[in-house]
Amino acid sequence: MSIITVQLGQCGNQIGFEVFDTLFSDSHCPQGLCSKRENEAYQASCKERFFSEEENGVPIARAVLVDMEPKVINQTLSKAAQSGRWKYGQHSCFCQKQGSGNNWAYGYSVHGPRHEESIMDLIQKEVEKCDSLSGFFIIMSMAGGTGSGLGAFITQNLQDQYSNFLKMNHIIWPYGTGEVIVQNYNSILTLSHLYRSSDALLVHENDAVHKICAKLLNIKQISFSDINQVLAHQLGSVFQPTYSEEGSSRYRRNPLGIDWQVRPPLPGLPTRGKMSLNKELHFNTSIANTVVLRGKDVHSADLGGFKDPALYTSWLEPGEALSVWRTQRAFSKYEKSAALVSNSQFLVQPLDMIVGKAWNMFASKAYIHQYTKFGIEEEDFLDSFTLLEQVVASYRNL
């Protein structure tokens, strides 16, 4: 089952390169504790999922690169080609110089519709190379300008044209201190549009990854390259093939193994009490958790804590909400590693904060003209506020 990655804007293209480089490096690392046969299956599964046919012995990434100017795309193509290990396809890039600054509304309302056919044709060509398509992985900034607006537009088109295939968006949550003066507007517009058209949003916070670089990796002068490499390792450790908890004769993958829907209990279903030794502690209540264990001691790891009813909403049994994947095949250079993907209340506070800041700006009509001149009306903002406030309320009430 193959995954096509769509790299959007500077953020998406730089992270996308690091992800492919990490995946390729990992698949060619020593096999660790697994058998040679298992390692060969692991490598074959990785190649089928993320790389297409070889050209002169070099695998080609299953990817489409989109940006508003050629600089970042050219750098990304060059870095991949210079590695000599893998590369991007010659006809997998779309770059059209945009002429109205860094503007979400321009990306969504002007640039997207104007170049929709060219971009979707590139995606279609990648789809035709797949024997069996699993879905799309879209990498983009949440708060950026034109790239984020274009990303929302492209995701909507993917939903229209490929409704039966998974669309997962990887979005980068902006620094709390602010990168762009209208980042809160851009964020609520991006999130509300993706909520309607994407099957799953996989979120990384810039502040959290920056803290990992500073406190765990002891990097003094943290660059975007450092941050992107951390992101790539976290994504790679989740996306590479594993065995399910129940065991399997081969490597397989349910995309992240997660139930992404916030669904209420069935009518008339009694609410299950939360009886737990940890009931006095506060947790971010979860709807679903996926734990991925790799390398040494994976089968002896105690995951009892993840089965604690206190972690989950009252209308879900832990057995329904927890998915565990294990493999003795270590990830990259790590002897053993663990990754957690959680659908929980973790983002309630950051989301509520962004919605609040955006509303304060909207109430004073600040910068609204930058959006209305490209067709994003005040009603569009109000719809976004309403939807995201409903999302906050749904998660808060788990």
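Here are a few worked exercises on this predicted model.

**Exercise 1: the whole chain**

Task: Work out how many helices and strands the protein chain has, and what share of its residues is buried.

Solution:
- Start with the secondary structure: you should find twelve helices and twelve strands in the protein chain.
- Next, go through the 398 residues and keep those under 20% relative accessible area. That leaves you with 53% counted as buried.
- Then look at the outside: the chain's accessible surface is about 18600 Å², and carbon and sulfur atoms own 50% of that.
- Finally, take the contacts with a separation of 6 or more. Pairs 24 or more positions apart make up 81% of them.

**Exercise 2: two helices**

Task: Decide whether α1 and α3 are roughly parallel or roughly antiparallel, and list the residues through which they meet.

Solution:
- Pick out the helices: α1 covers residues 9-27, and α3 covers residues 70-83.
- Fit the axes. They come within 10 Å and cross at roughly 5°.
- Angles under 35 degrees count as roughly parallel, so α1 and α3 are roughly parallel to each other.
- Now for the contacts: α1 brings Q10, N13, Q14, F17 and E18, while α3 answers with V72, I73, T76, K79 and A80.

**Exercise 3: rings**

Task: F17 turns up in the α1 contacts with α3; find which residues share a ring cluster with F17.

Solution:
- Count the aromatic pairs in the structure, and you get 22.
- Follow the ring pairs through F17, and the cluster holds F20, F24, F51, W86 and Y88 as well.

**Exercise 4: positive phi**

Task: Take N218 and K365, and work out where each one sits and whether it is exposed or partly exposed.

Solution:
- A bit of background: most residues other than glycine have a negative phi.
- N218 goes the other way, with a positive phi of about 55° although it isn't a glycine.
- Locate N218 in the loop between α7 (206-216) and α8 (224-239).
- Check the accessibility of N218: it is 51%, so N218 counts as exposed.
- Move on to K365, another non-glycine residue with a positive phi, this one near 60°.
- K365 lies in the loop between α10 (348-363) and α11 (369-372).
- With a relative accessible area of 44%, K365 is partly exposed.
- One last step for K365: look at its side chain. Its charged end sits over the ring of F362, 5.1 Å from the ring centre.

Conventions
Residues are numbered from 1 along each chain as its sequence is written. This is a predicted model: local features need pLDDT of at least 70, side-chain atom pairs count only at pLDDT 80 or more; totals for chains, interfaces and linings use all residues. Side-chain values use heavy atoms; hydrogens and water are left out. Rings of Phe, Tyr and Trp (its six-membered ring) pair if their centres lie within 6.5 Å; planes under 30 degrees apart count as stacked, over 60 as edge-to-face and the rest as tilted. A charge sits over a ring if NZ of Lys or CZ of Arg is within 6 Å of the ring centre and within 35 degrees of the ring normal. Helices (H or I, at least four residues) and strands (E, at least two) are DSSP runs, numbered from the N terminus. Buried means under 20% relative accessible area, exposed over 50%, partly exposed in between (1.4 Å probe, protein chains only). Contact means heavy atoms within 4.5 Å. Accessible areas come from the Shrake-Rupley method with a 1.4 Å probe; for residues, only the protein chains shown count as cover. Axes are lines fitted to C-alpha atoms, for helices over the stretch in contact, and angles run from 0 to 180 degrees between N-to-C directions. Angles under 35 degrees count as roughly parallel, over 145 as roughly antiparallel, 65 to 115 as roughly perpendicular and the rest as oblique.
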